[in-house]
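Student: Please take a close look at one part of this model, the surroundings of the ligand, and then follow the elements found there into the rest of the fold. I would like one connected account, with the cut-offs stated where they matter.

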Amino acid sequence: MGTDESMKSSSTDRMAHILLVEDEADVRDSLKAQLEGEGHEVVDTELGMDALALAETSKFDIVLTDVMLPDINGLELVQRLNRLPHKPIVVVMTGYGSVEMAVKAIKAGAFEFLQKPFSVDVLSAMVASALRVKALHEENQELRKTVKGQFSMGRLISSSQVMNEVFRLVECVAETDSTVLILGESGTGKELIAQTIHFNSLRRKGNLIPVNCGAIPEALLESELFGHEKGAFTGAIASRVGRFELAAGGTIFLDEIGDLSPPLQVKLLRVLQERTFERVGGTRTYKTDARVIAATNQDLENLVTAKQFREDLYYRLNVVPVIVPPLRQRVEDIPLLIQHFIDQFNDRRGAELAGVTPEAMNVLCEYSWPGNVRELGNIVERIAILKRRGVIEVADLPEKIRQQSGQTLPNIPAAIPVAGLDLSRAVEEFENRLILEALERTNWVKSKAARLLQINRTTLIEKLKKKSLAEVVAQRAGSPEEAVDA
Ligand SMILES: Nc1ncnc2c1ncn2[C@@H]1O[C@H](COP(=O)(O)OP(=O)(O)OP(=O)(O)O)[C@@H](O)[C@H]1O
Ligand SMILES: [Mg+2]
């Protein structure tokens, strides 16, 4: 009895806008009277189609419907109500009392079913719990909207005004089929933006095919892009599909477009103008519908002036330019990105970093970030590996970052803290730091770093292995010099 009372009182807490669908006039009238008596606003109808029309034009919190309707099947009504933008909570009334019908109703998307005949209290309790669920749904949707609007677009994170303008442009352009040219310094997030455009476009079900025009040898690039026929050149033992063909119905992402050779610039221009190409060594002309997104960190206008990049191609690509500002021009993004990377590397590297001290945050915000977001991510990753837990302090930051803000203190505790000190951990941290610093100063060339530390190269490699740093060093090793060293 006590529970009945509490259910009843909670049902009157909030007034609901209810649509009642019932073909039997006396049942309809009595339900309506009861619900109105509890303070709800009720619209009633006897036909399913009328109910749909009503639900399309005004917002209902709850639709209470019979499964047996004169015109359409009640289950179909449930399904169609669930497809509405402001979908109401649907409660189904079944006269049969058959479990089967109830299961079908729930499967069709109903929130609950009521078996006729039901008491006044059962109805009140049902309305109350439906309203609670509705409120929760709405709260969740609001949350998702704010998170999306303020901080992210897919995997892109930012809180700065300049980036939010970029996000808006990305959102608008995603819906079109326009060619997009993404310009920005290295590590600013150009590839991530290309992905965001593709996955927010109507082509998201098609492929996103990346081609790094700067990394593929010129002799191979044409065949990579357009494919080749068997026997087109020595080694072409079978015909091969190119990336433009793979991107059919999707997007091709031409990265480092500034590195494209003059002959290939001509071929790409033709693709953009006529949407056609031939495979290397072939005569058949292929049509392509692939959307083109290009990116570069070079100043394309300068390349055009220097006659290294065709002006006509530049204009064909530059339909919608998306300019990604360097990180130093959006300092507000730094704390947010640091938190993002801390979460990511805590997860990936099993670290437990808790945050950044205000002093360290100042140093990080003052730094010029020539490597932009990528550099920031690398630094947080390095700290996650070395420090593993606690708060990031100035002393944890790489030398070059501290230097820029004049903070070059070595990380030796001035005195043993009152609480004491874990000697082996402190010594190990100090050693790690020196090794990392040596590697950074020598561009990750292990032999040079070893010389700087006055140890053997093999000793250094042993230490790296022990500290599970070998993997990080391999990732950083980008220069050809390093390849020789490895
Ligand atoms: N706004 C952002 N939010 C979250 N992560 C980002 C953001 N911008 C960049 N990143 C991350 O930084 C790294 C570098 O980004 P990306 O590869 O897209 O840069 P890029 O401009 O293509 O660089 P490059 O010119 O060197 O190829 C990636 O790991 C990416 O996920
Ligand atoms: Mg890139």
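Tutor: Strand S7 (156–157), helix H8 and helix H16 each contribute at least two residues to the shell around ligand 1, where helices (H or I, at least four residues) and strands (E, at least two) are DSSP runs numbered from the N terminus. This is a predicted model, in which local features need pLDDT of at least 70 and side-chain atom pairs count only at pLDDT 80 or more, while totals for chains, interfaces and linings use all residues. Residues are numbered from 1 along each chain as its sequence is written, and chains are lettered from A and ligands numbered from 1 in the order in which they are written.

There are 17 residues around ligand 1, and those that come nearest are Ile157, Gly189, Lys190, Glu191 and Val373 (near: C-beta, placed from the backbone, within 6 Å). By class, the shell around ligand 1 comprises 9 polar, 4 nonpolar and 4 charged residues (nonpolar: Ala, Val, Leu, Ile, Met, Phe, Trp, Tyr, Cys, Pro; charged: Asp, Glu, Lys, Arg; polar: the others, Gly among them).

Following H8 (residues 190–199) away from the ligand, one finds that this helix lies across strand S8 (180–184), S9, S12, strand S15 (291–296) and S16, and that it runs at about 155° to S8 (axes are fitted to C-alpha atoms, for helices over the stretch in contact, with angles from 0 to 180 degrees between N-to-C directions). These 5 strands form an open sheet with parallel pairing, in the order S9-S12-S15-S8-S16 (pairing: at least two DSSP bridges). Strand S9 (208–212) and strand S16 (320–324) are its edges, each pairing on one side only, and from one strand to the next the twist averages 20°. At the S9 edge, S9 and strand S12 (residues 251–255) pair in the parallel sense over 5 bridges, with Ile209 standing opposite Ile252 in S12.

The other helix of the shell, H16 (residues 372–386), packs against helix H14 (residues 333–349) at an angle of about 45°, and their axes are 9 Å apart. On the H14 side the contact is made by Leu337, Ile338, Phe341, Ile342, Phe345, Asn346 and Arg349, and on the H16 side by Val373, Leu376, Gly377, Val380, Glu381, Ala384 and Ile385 (contact: C-beta atoms, placed from the backbone, within 7 Å). Of the residues in this contact of H14 with H16, 10 are nonpolar, 2 are polar and 2 are charged. Val373 thus appears in the contact with H14 and among the residues that come nearest to ligand 1.

Beyond these elements, 5 further strands form an open sheet with parallel pairing, in the order S2-S1-S3-S4-S5. Strand S2 (41–45) and S5 are the edge strands, each paired on one side only, and the twist averages 20° from one strand to the next. Within this sheet, strand S1 (residues 17–21) and strand S3 (residues 62–66) pair in the parallel sense over 4 bridges, and Leu19 stands opposite Val63 in S3. Helix H3 (residues 48–57) lies across S1, S2 and S3, running at about 160° to S1.

Two backbone details complete the account. Most residues other than glycine have a negative phi, and most peptide bonds are trans. Lys116 and Pro117, however, are joined by a cis peptide bond with omega about -5°, Pro117 being found in the loop between strand S5 (112–115) and helix H6 (120–151). Arg275, a residue other than glycine, has a positive phi near 65°, and its place is in the loop between helix H11 (262–274) and strand S13 (276–278).

Note on methods
Two residues are in contact if their C-beta atoms, placed from the backbone, lie within 7 Å.
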